[in-house]
Structures are given as structure tokens and as C-alpha cells.
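Dear colleague,

I am passing on the structure that follows, together with some notes on what I found in it. Please read them with the coordinates open beside you.

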Amino acid sequence: MADSRFNSLAIALMMGFSTVVAGFAAPQVAIAQDDGDFRTYLESLRPKARAMGIRDATLDAVFPTLTINPRVVALDQSQPGGGAYSPIPNFEPYRRQHVDAARISRGRAVYSANRARLAGIEAETGVPEEIMVAIFGHETNYGSYTGDFDLIRSLATLAHEGRRRTLFEPELLATLKMLNDGVPRSRLVGSWAGATGYPQFLPSVYLKLAKDGDGDGRADIWTSQADALASIANYFVAAGWRRGQPWGVAVSVPSGFNRASVAARTTAPRCPRVFNRHSRWLTMAEWRKLGLFPASGIWPADTVMATLLEPDGPGKTAYLLTSNYRAILDYNCSNFYALSVGLLADAVKQ
């Protein structure tokens with residue numbers, strides 16, 4: 001799977017940084033707006049920026065334009081919490097909202113319009129065409145909303161505020177690097193916390209993984225569906241996607257099933273609220289011997305490893321989830337998100 005830095009970005013996405021905030025009435029937060037201190041902080045970034053190859057001319061052009069954005073700080077401070085064992089609602093209402101007829105229909109249109117290019121990307125990367133489309137649909141409803149916050153101003157505000165400087169300062173520097181390397185300032189807009197473009201990449205992810213999918217020499221994830229889809233696939237390659245394996249399969253669990261016998265034996269070091277709900281890993285052959293059977297009647301290969309998740313509890317649809325599901329969790333560490341991506345992908349392909 002991906003390295004720790006890559007995982008930290010996925011956790012950031014899980015915390016809501018990939019979600020565009022529109023019309024949100026944030027609570028009023030008292031924010032110290034010491035412009036002098038803000039300017040001092042910006043100037044302190046110059047040695048780090050220079051080490052990344054960012055020209056002083058780039059900084060001289062952008063720093064004077066920046067001011068603190070109080071709304072961004074308010075949005076950051078209003079993010080919901082939730083302990084590892086706090087109550088979790090049922091998945092079904094979320095599924096109905098995010099895997100709805102309109103999103104499926106639009107996904108099929110995008111899928112059809114990009115089939116030749118998608119097939120080529122899948123052949124190269126092993127990432128299924130429909131998974132790329134489902135991420136595109138889930139993140140920005142196929143590009144219909146991508147956010148309108150000035151990334152540099154937002155990230156400068158959050159890095160200066162300091163509560164999570166270790167997260168936001170590298171993203172600010174990455175955005176400045178994008179500007180330095182020729183990405184127009186007008187493109188550098190997105191969510192309040194820095195996610196941008198059709199796939200809602202954080203700036204550091206863009207620098208590492210954005211791809212040119214249409215051969216024009218640029219990785220334009222803001223207006224080119226081809227580039228966005230190729231970049232999504234590249235993300236999953238980096239996250240450890242395994243060619244030829246499904247993300248998971250819906251299953252029925254027999255009554256009287258001994259769940260304690262398949263309980264996980266370790267506590268996840270990250271995203272415990274997500275991973276605490278998963279069983280331990282067994283092969284598909286072992287799950288079949290325990291009496292589980294697929295809703296579609298089709299099993300993955302016997303040797304494929306999977307964990308069991310029952311998002312709505314016993315007696316409801318359950319899922320056996322492969323390592324490729326974990327790759328989706330790298331994009332956004334939420335079971336509801338990852339399940340919805342997988343289900344939307346399956347529906348788009350039908």
C-alpha cells in the first residue's frame with residue numbers, strides 16, 4: 001500500500017477536505033487578524049519555497065495579494081468529531097443519496113463518452129474504467145461542482161492559524177509550486193481546505209500523481225475529463241490497486257453466524273472508526289465454507305483475501321471487501337464513501 005505521507009493525505013480527505021462546502025453557514029469564530037504576523041509567517045516560508053525550486057518572483061507576485069480568510073478558519077474549526085467507537089448511522093440512507101438514479105445516469109454518459117480512452121487507461125494501469133468514473137462522480141458529480149475558494153489564500157490562512165500547520169503548510173507550498181510551474185492562478189480554486197479539480201486532489205497529490213491523459217503535454221484536472229480520469233487511475237496505482245480483483249462483493253450471511261470467530265485481532269493504527277468495523281482477513285474459499293453466499297451468484301477467485309463488513313448490521317446486505325477496497329479508502333477513509341464508490345461503479349458498468 002501507499003507510504004505514510006500518502007496515507008496522511010487520504011486521512012485529510014476523509015476529514016472532509018475533498019468535500020466542496022457550498023452555502024454552509026459556519027459559526028462565527030473569533031480570529032486574530034494580525035496582518036503583520038501573517039506577513040511575517042509568509043516571509044518565513046521563503047527558504048522552504050526556494051528549496052522546492054519556487055522562484056522569489058513567484059512569491060513576490062502572490063504574497064502581497066493574500067489576506068486572512070476568517071470563513072476558512074471557521075469551517076476548519078467546525079469539522080465534526082467522533083470517537084472510534086461512537087455510534088454510526090445506517091449505510092442505506094447514504095447509499096440512496098449517493099448511488100441515485102441521476103448519478104448513475106450521468107456516470108453512464110461519462111463512461112460511454114470516454115470508453116476508448118478509459119479502456120486504454122485500464123489496460124495500462126489495471127484500474128477498472130468504472131472505478132475512475134465513480135470517483136469522478138462521487139467527488140464533484142462529474143465536474144458540476146469543484147469549489148470556488150482561492151486555494152493559496154485558504155491554505156495560507158490555515159497554515160498561519162497554526163492548529164494543523166503540519167498538514168496545511170506543505171499543501172500551501174505545493175500550491176505555490178504549482179503556480180511557479182505554470183498552473184494559472186485562476187485554476188487554483190477548490191474546497192476550503194485545498195482539494196481541487198475534477199478529482200479533488202490536494203496540491204501535493206497533484207504534484208505527485210496528476211497525469212496527462214489526452215496527450216497535450218499538460219495535466220489539466222480542472223477542465224479535461226481525460227486528464228482527471230488518468231490521474232485518478234494513477235492515484236490507485238500508487239495506492240496498491242491489484243489488477244483483476246473486484247473491490248468487493250455483496251453477500252448474505254447465514255443466521256446464527258458466529259461473528260466473534262472472525263473478529264479482527266488487532267486495532268488499526270489509522271482510521272480506527274473505519275477499520276474497527278471490519279473482520280479479519282479470510283480467503284473467499286474460507287468465507288464460502290462459513291456459509292456466506294454472493295448476492296449475484298458470482299464469487300471472486302478462491303484465493304482472494306477479503307474482510308467482512310455489515311454496514312447496517314446483521315440480517316442486512318453485507319460485503320466481502322478485498323484489498324482494492326482498501327485502495328478506495330486511501331482516497332477517502334470512510335466506509336460509506338468507499339462502499340458508495342464501489343456500488344456506483346458497478347451500476348455505471350451495467
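Surroundings of Tyr 41

Once its neighbours within four places in sequence are left aside, Tyr 41 is in contact with Ala 156, Ala 159, His 160, Arg 165 and Glu 169. Please bear in mind throughout that this is a predicted model. Tyr 41 lies in helix H2, which covers residues 35–44, and its relative accessible area is 7%, so with the limit for buried set at under 20% it counts as buried. One of its contacts, Ala 156, is 115 residues apart from Tyr 41 along the chain, yet the C-alpha atoms of the two are separated by 9.1 Å.

Helix H11

Helix H11 takes in residues 165–180, and because each of its 16 residues is reckoned at 1.5 Å, the helix should span 22 Å, a value with which the 22 Å between its end C-alpha atoms agrees. H11 is also mostly covered, since 13 of its 16 residues are buried. Just after this helix comes Gly 182, for which the model gives a positive phi of about 115 degrees.

Surroundings of Asn 324

Asn 324 belongs to helix H16, made up of residues 323–331, and has a relative accessible area of 0%, so it too falls under the 20% limit and is buried. If residues up to four places away in sequence are not counted, Asn 324 touches Gly 240, Trp 241, Arg 242, Gln 245, Pro 246 and Trp 247.

With best wishes

Key
Residues are numbered from 1 along each chain as its sequence is written. This is a predicted model: local features need pLDDT of at least 70, side-chain atom pairs count only at pLDDT 80 or more; totals for chains, interfaces and linings use all residues. Side-chain values use heavy atoms; hydrogens and water are left out. Helices (H or I, at least four residues) and strands (E, at least two) are DSSP runs, numbered from the N terminus. The expected span of a helix is 1.5 Å times one less than its number of residues. Buried means under 20% relative accessible area, exposed over 50%, partly exposed in between (1.4 Å probe, protein chains only). Contact means heavy atoms within 4.5 Å.
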